[in-house]
Amino acid sequence: MNPLLELSDVGIDFPTPNGPFCALQGVNLKIAKGEFISLIGHSGCGKSTVLNIVAGLYKATNGGVVLAGKEVNEPGPERAVVFQNHSLLPWLTAYQNVELAVQKVFKGKKSKAEMKAWIEHNLNLVHMGHAMHKRPDEISGGMKQRVGIARALSMEPSVLLLDEPFGALDALTRAHLQDSLMEIQKDLDSTVIMITHDVDEAVLLSDRIVMMTNGPSATVGEILHVELERPRNRIQLADDPTYNKYRQQVLSFLYEKQRKVETA
Amino acid sequence: MNISLSNVAWLEPVVNVAKGKNVGTNLQIIFKSLGIPLVGILVFLVLWSIAADRIDTSLGKFPGPGEVATQAKGLIKEHNAERIKAVAFYERQEIRNAERSAADPTYEATIRPYTGKPTYIDQIFTSLITVMSGFILASIIAIPLGIVIGLSENLYSAFNPIIQVFKPVSPLAWLPIVTMVVSAVYVSDDPMFPKSFITSMITVMLCCLWPTVINTAVGVASISRDLINVSDVLRLSYFTHIRKIVIPASIPMVFTGLRLSLSIAWMVLIAAEMLAQNPGLGKFVWDEFQNGSSDSMGRIMVAIVTIGLIGFALDRLMLMLQRYVSWDKSSATR
Ligand SMILES: Nc1ncnc2c1ncn2[C@@H]1O[C@H](COP(=O)(O)OP(=O)(O)OP(=O)(O)O)[C@@H](O)[C@H]1O
Ligand SMILES: [Mg+2]
């Protein structure tokens, strides 16, 4: 099978006053269409950097990224990003934030009425239909994050990139949004790369979990295939032995094999 | 939007007291927001009249509040008298023209404009027009310049030293240069604007340009990386990026700059008018100083109070405009 997205031998050096800092080296990854991938690793290992390279916001020093047969070298709406801190434009309402993306992507392809329907459809998808004319400072953190997801989905991206999308949320809201995301991904058959710190989140949502080694020169350590049947139910999985085995494997990678060495 | 209510903190309690609601606490609020400032003003007036009594100058006693009030009334009376004279002048002309055309149908009536001396009120308006022209001209230059500089780190580094050097230059230093350049460049037999107006306006512009440039540039340069990333992912074009992201994001800082610029413009204007002899408040003060009559000091004090009040009003106006335009209501306080 042909992968939709391929990272081959990706490496990046950041220039610093003390010479180049090699953040990533030899990152290889093939992702098929419709796959849900999680990136997990200790803080500062280079997860965001990988995502930013795929998004085209950073340029790899080594190797490259190929999406659907074309090399990625600049950002674009076919690789929509949901940023860690929602990144909504504070002066626009939820509706207008999504509208900005829809107008850009579907200019000349959808009529005004179609665009309006599409914006509302996406906001309803994340259950934000009731508050779409509120501004970011008038809605809660979880709601903002949902609008961010709606904005990304509205671009009909080939790959959805999520950088710790639920990191700043309370456990209840997070669980709720994880369920929504699973549903949406199933319905749309989207290809997703999600960064997370949360082992349960990774196992629950992913088809594969990519575990990264500690930096500098971080790379892919192990890849875990999660072969749990979908739809997945968090309550039933809680005492499913296979689920707990996956969980245990990720934990062992993070806390035994890649034990965070405290520098300084 | 409750512009009036938020600026007039005592209004709502007054309404409440009138309705007999919570009279005790509301009276306290009224005393705090209205009573204490009034007490402050009263104490100031008393100290002023005591001090004024003790200062003797070559033109007599330093004017106290009472003398200043009298002078203010006098200036308004002069203004009204001048207006009546103007009306009478035009009436006389019309009657004369009517008579002449009755006698000779080929006669073409001309109305000559009234050329009385500008009154105090006229001078206030001249000053306002001059300061607004200079300020608007400065803003038209400063905001786009600030945006362009703020967008590029290199341009910012290139322009910063120039801005920092020009920023502290006093209007008194600019004025001679501006006067000479205007005299040389602005030559026309029938000028649309008097030279003194152009000179004052350009001096005002040169002095009040910088705060807006700097604040706009800083505002643009400090737009959060996240918002830029959104724009990048959407592949917004340069101009869409400026229109949809840069301008709204930097509006609060732009207004901070505009308010600083306007207050500088107003201060500079008075000095510029004095030297350029532009018929505004600055020239009024200068003429009264040259005049040296017993009323002069009182009249100058009237001008000082007027200048202060107008400066305050201009700042409030900008604040209202900011509240109206900016999405970030919290930055538009004070
Ligand atoms: N623009 C940059 N310039 C220099 N160094 C950078 C830059 N961006 C990231 N780095 C370095 O690269 C390493 C990886 O950073 P990255 O942000 O990808 O980590 P992360 O895995 O996303 O961490 P976290 O989980 O805390 O978000 C870090 O050591 C960081 O200091
Ligand atoms: Mg990160």
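Start by selecting E78(A), which is partly exposed at 32% relative accessibility. Exposure classes here follow relative accessible area: buried is under 20%, exposed is over 50% and partly exposed is in between, with a 1.4 Å probe and protein chains only. The structure is a predicted model, in which local features need pLDDT of at least 70 and side-chain atom pairs count only at pLDDT 80 or more, while totals for chains, interfaces and linings use all residues. Residues are numbered from 1 along each chain as its sequence is written, chains are lettered from A and ligands numbered from 1 in the order in which they are written, and side-chain values use heavy atoms, with hydrogens and water left out.

**Stop 1: E78(A) and R79(A)**

Add R79(A) to the selection. Its side chain meets that of E78(A) in a salt bridge, 2.8 Å from N to O. A salt bridge is a side-chain nitrogen of Lys or Arg within 4 Å of a carboxyl oxygen of Asp or Glu. R79(A) has 3% relative accessibility and therefore counts as buried. Over all chains, the structure holds 18 salt bridges.

**Stop 2: two loops of chain A**

Select A68(A), in the loop between β4 (62-67) and β5 (70-71) of chain A. Helices (H or I, at least four residues) and strands (E, at least two) are DSSP runs, numbered from the N terminus. A68(A) is not a glycine, yet its phi is positive, about 45°. With a relative accessible area of 57%, A68(A) is exposed.

Next go to R230(A) and P231(A), which are joined by a cis peptide bond with omega of about -5°. P231(A) sits in the loop between β10 (220-225) and α7 (234-237) of chain A.

**Stop 3: the interface of chain A and chain B**

Show both chains. How many residues does each chain bring to the contact? Chain A gives 22 residues and chain B gives 14 residues, contact being heavy atoms within 4.5 Å. The area buried between chain A and chain B is about 1,700 Å², and carbon and sulfur atoms give 72% of it. Of the area that chain A buries against chain B, 35% comes from W91(A), L100(A) and K104(A), more than from any other three residues. Buried area is the accessible area (1.4 Å probe) that two parts lose on being put together, summed over both.

Select R235(B) with E74(A): their side chains meet in a salt bridge of 3.3 Å, N to O. The rule finds one salt bridge across this interface. Five residue pairs between the two chains are in polar contact, both residues being at pLDDT 80 or more. A polar contact is a pair of N or O atoms within 3.5 Å; within protein, one must be able to donate a hydrogen and the other to accept it, and residues adjacent in sequence count only if both atoms are side-chain atoms.

Now colour chain A by element. On the side of chain A that touches chain B, β6 (79-82) and α2 (94-105) each supply at least two residues. The largest share of that side, four residues, comes from α2(A). By class, that side has 13 nonpolar, four polar and five charged residues. Ala, Val, Leu, Ile, Met, Phe, Trp, Tyr, Cys and Pro count as nonpolar, Asp, Glu, Lys and Arg as charged, and the others, Gly among them, as polar.

**Stop 4: a salt-bridge network in chain B**

Select E78(B) and R299(B), whose side chains meet in a salt bridge of 2.5 Å, N to O. This pair links distant parts of the chain, with E78(B) in helix α4 (residues 65-103) and R299(B) in helix α12 (residues 296-325) of chain B, 221 residues apart. E78(B) is partly exposed, at a relative accessible area of 32%, whereas R299(B) is buried, at 13%.

Add E288(B), which forms a salt bridge with R299(B), the closest N and O atoms being 3.1 Å apart. E288(B) lies in helix α11 (residues 281-291) of chain B, 11 residues from R299(B). E288(B) counts as buried at 7% relative accessibility. Salt bridges that share partners join E78(B), E288(B) and R299(B) into one network.

**Stop 5: helix α10 of chain B**

Select E273(B), in helix α10 (residues 238-276) of chain B. E273(B) is buried but has no salt bridge; the nearest side chain of opposite charge, K283(B), is 9.9 Å away. Lys and Arg count as positive and Asp and Glu as negative, and His and the chain ends are not counted. Which side chain does E273(B) join in a polar contact? The partner is S127(B), at 2.9 Å. Leaving aside neighbours within four places in sequence, the contacts of E273(B) include T126(B), T130(B), S200(B) and N278(B).

In the same helix view, pick S261(B), which lies in helix α10 of chain B. S261(B) is buried, with a relative accessible area of 1%. Not counting residues up to four places away in sequence, S261(B) touches F135(B), C208(B), L209(B), P211(B) and T212(B).

Finish at Q277(B), in the loop between α10 and α11 of chain B. Phi of Q277(B) is near 60°, a positive value in a residue other than glycine. Q277(B) counts as partly exposed, at 31% relative accessibility.
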